[in-house]
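The exercises that follow are meant to be worked through with the sequence and the model side by side. Try each task before reading its solution.

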Amino acid sequence: MNSQNKSGSRGFVSVLPILVFVLVFLGAGIACNAMGMEKPFAQFPASIGGYIALMSAFLIIRGKFSDKFNWMLKGIAKPSIAVPLVVFALAGAFATVAKACGGVDSIVGLCMNYVPASVITAGFFVVGCIVSFASGSSISTIVALAPIALSIAVGAGISVPIMAASVMGSAMFGNSMSLISDCTIVSNSVMGIGAGKATKDKLISQALLYAIPFIAAIALYVVFGRPTGEVSIEHYDVNVWSILPYIFILVLALAGVNFVLSLSSGIVLGVIIGLAEGKFNLLEGCVTVAEGMYGMANMMLLFIFMAGTIGIVTEAGGIEWVISRLTKLIKGPKSAQGVIFLLGVLVTCCVGNDTIPMVTIGDVTRDISKKYRIDPRRIASIMPISTAGTAVIIPYTGAALTMASMIETAGAGISFVQTIPFNFFVLITFVLTFVTVFAPFSDRRFAKDPWDFEKWLPSSEAGKS
């Protein structure tokens, strides 16, 4: 980017379009809440907020329209934007097809059939982790498990805030690391981590980081989530065939197969199983695939509009200005990781969403990664922890509002806010993430294969190119 382009809009003015998006999204949620709407922060389409931000970039930032238009195209044309658009569509299609085959219900049933009544709260946490990892969605996990979990809690004398928190924590588990979740797709994309070894390394490192909070949460839920009355759990029918698509894409992803190929293979397998099981005919199967893709349209449009906005902001010097301000808080690689984590938390609190913040701060975090030589696989692990974790402990996100509605339906008589102190998994993960800045035990895999910052690949793959 040249100084002539930036000279007219240098400084705070050049980042105003991003603030416009945050204010529009936050303001719309507050307005909807004032009007008494249910799930107020889920009412306003995020893509419209992105469109308003893009238009504001053209109006606020100085320069020729043709220059700004080219900057917008440059921002949208990046591989880190184009690739996730395809993956979003395929992930939506896969999730819809797999669900239509009965996959989510079968996973829930398979797990619940083997959960001992004496540790039912911890059992729901483990089941939720499995379901969220398979589905890649926190809300789907909450919708599938919360009605069962809360009804059992009320009937068996289990603390409802603790039971609700166990489901919320488990929803964050998969949403922040599942291979088909929005958070994983976006964090990998904005940090330039392609499919293959880099993604596998990141997944294993994140799993190591989650191991201690996972075990600690189970122990705490066993102790504090004990039933005081009789627990009645019905037996669930399980169709093992409907689970195969989830297992198939996990195996392919861990084998280093490209996301496009693994998701496409999973979609085909899901359609075949659906046809064989009589869940739908071929035409209905194709419609189901299309509906899954359409369901991701809002996220895809948001991604395009925000990429264009950030493209203009970047060329106007906005990202450089933000980096210069952040640099004053950053003393080295360790403090840089803390700043990135806190940025994710702050923007998530502003927009009430766990994916949008990573799109918003993606260019900033990537530049910090280059400047301080922080492995992008590490940052791609930190960002979804900060955003997805925050999204399940603040009361106005889609996940939180879904749980709040479930609590109300169950007649539990508590507020969602009461669940926050008992979300052991998320709170311990937050603490441990900061610990690993100073004691990076979860990043040993990265150390064995250091990142080549020139070719932006792991050294083992950079040597082959």
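**Exercise 1: the surroundings of Ser386**

Not counting residues up to four places away in sequence, Ser386 touches Phe341, Gly344, Val345 and Phe430, where contact means heavy atoms within 4.5 Å. The model is a predicted one, in which local features need pLDDT of at least 70 and side-chain atom pairs count only at pLDDT 80 or more, while totals for chains, interfaces and linings use all residues. Residues are numbered from 1 along each chain as its sequence is written, and side-chain values use heavy atoms, with hydrogens and water left out.

Task: find the element that holds Ser386, decide whether Ser386 is buried or exposed, and name the residue whose backbone oxygen lies 2.8 Å from a polar atom of its side chain.

Solution. Begin with the element: Ser386 is placed in helix H19, where helices (H or I, at least four residues) and strands (E, at least two) are DSSP runs numbered from the N terminus. Next, take the accessibility: Ser386 has a relative accessible area of 0% and is therefore buried, since buried means under 20% relative accessible area, exposed over 50% and partly exposed in between, with a 1.4 Å probe and protein chains only. Finally, look along the backbone, where the oxygen of Met383 lies 2.8 Å from a polar atom of the Ser386 side chain.

**Exercise 2: a network of charged side chains**

Task: state how many salt bridges a search of the whole structure finds, and then work out which residues are joined into one network by salt bridges that share partners.

Solution. The search of the whole structure finds 5 salt bridges, each being a side-chain nitrogen of Lys or Arg within 4 Å of a carboxyl oxygen of Asp or Glu. Start from Arg377, whose side chain meets that of Asp201 in a salt bridge of 2.9 Å, N to O. This pair links distant parts of the chain, for Arg377 is in helix H19 (residues 376-391) and Asp201 in helix H11 (residues 197-224), 176 residues apart. Arg377 counts as buried because its relative accessibility is 0%, and Asp201 is buried as well, with a relative accessible area of 0%. Then turn to Asp375, which forms a salt bridge with Arg377 in which the closest N and O atoms are 2.6 Å apart; both Asp375 and Arg377 are buried. Salt bridges with shared partners thus join Asp201, Asp375, Arg377 and Arg445 into one network.

**Exercise 3: a salt bridge between a buried and an exposed residue**

Task: for the salt bridge of Glu315 and Lys74, say which helices the partners come from.

Solution. The side chains of Glu315 and Lys74 meet at 3.0 Å, N to O. The pair links distant parts of the chain, with Glu315 in helix H15 (residues 297-315) and Lys74 in helix H4 (residues 65-76), 241 residues apart. Glu315, with a relative accessible area of 8%, is buried, whereas Lys74, with 51%, is exposed.

**Exercise 4: two helices that pack together**

Task: describe how helix H7 (residues 120-135) and H11 are arranged, and name residues through which they meet.

Solution. Two packed helices are described by the angle between their axes and the distance between the axes. The axes of H7 and H11 come within 8 Å and cross at roughly 155°, the axes being lines fitted to C-alpha atoms, for helices over the stretch in contact, with angles that run from 0 to 180 degrees between N-to-C directions. H7 is therefore roughly antiparallel to H11, because angles under 35 degrees count as roughly parallel, over 145 as roughly antiparallel, 65 to 115 as roughly perpendicular and the rest as oblique. Thr121, Ala122, Phe125, Val126, Cys129 and Phe133 in H7 meet Leu203, Phe214, Ala217, Ile218, Tyr221 and Val222 in H11.

**Exercise 5: two positive phi values**

Task: say where Arg373 and Trp456 lie.

Solution. Most residues other than glycine have a negative phi. Arg373, which is not a glycine, has a positive phi near 55°, and lies in the loop between helix H18 (356-372) and H19. Trp456 also has a positive phi, of about 55°, although it is not a glycine; Trp456 is found in the loop between strand E1 (451-452) and strand E2 (457-458). At 9% relative accessibility, Trp456 is counted as buried.

Conventions. Polar contact = N/O pair within 3.5 Å; in protein donor to acceptor, adjacent residues only side chain to side chain.
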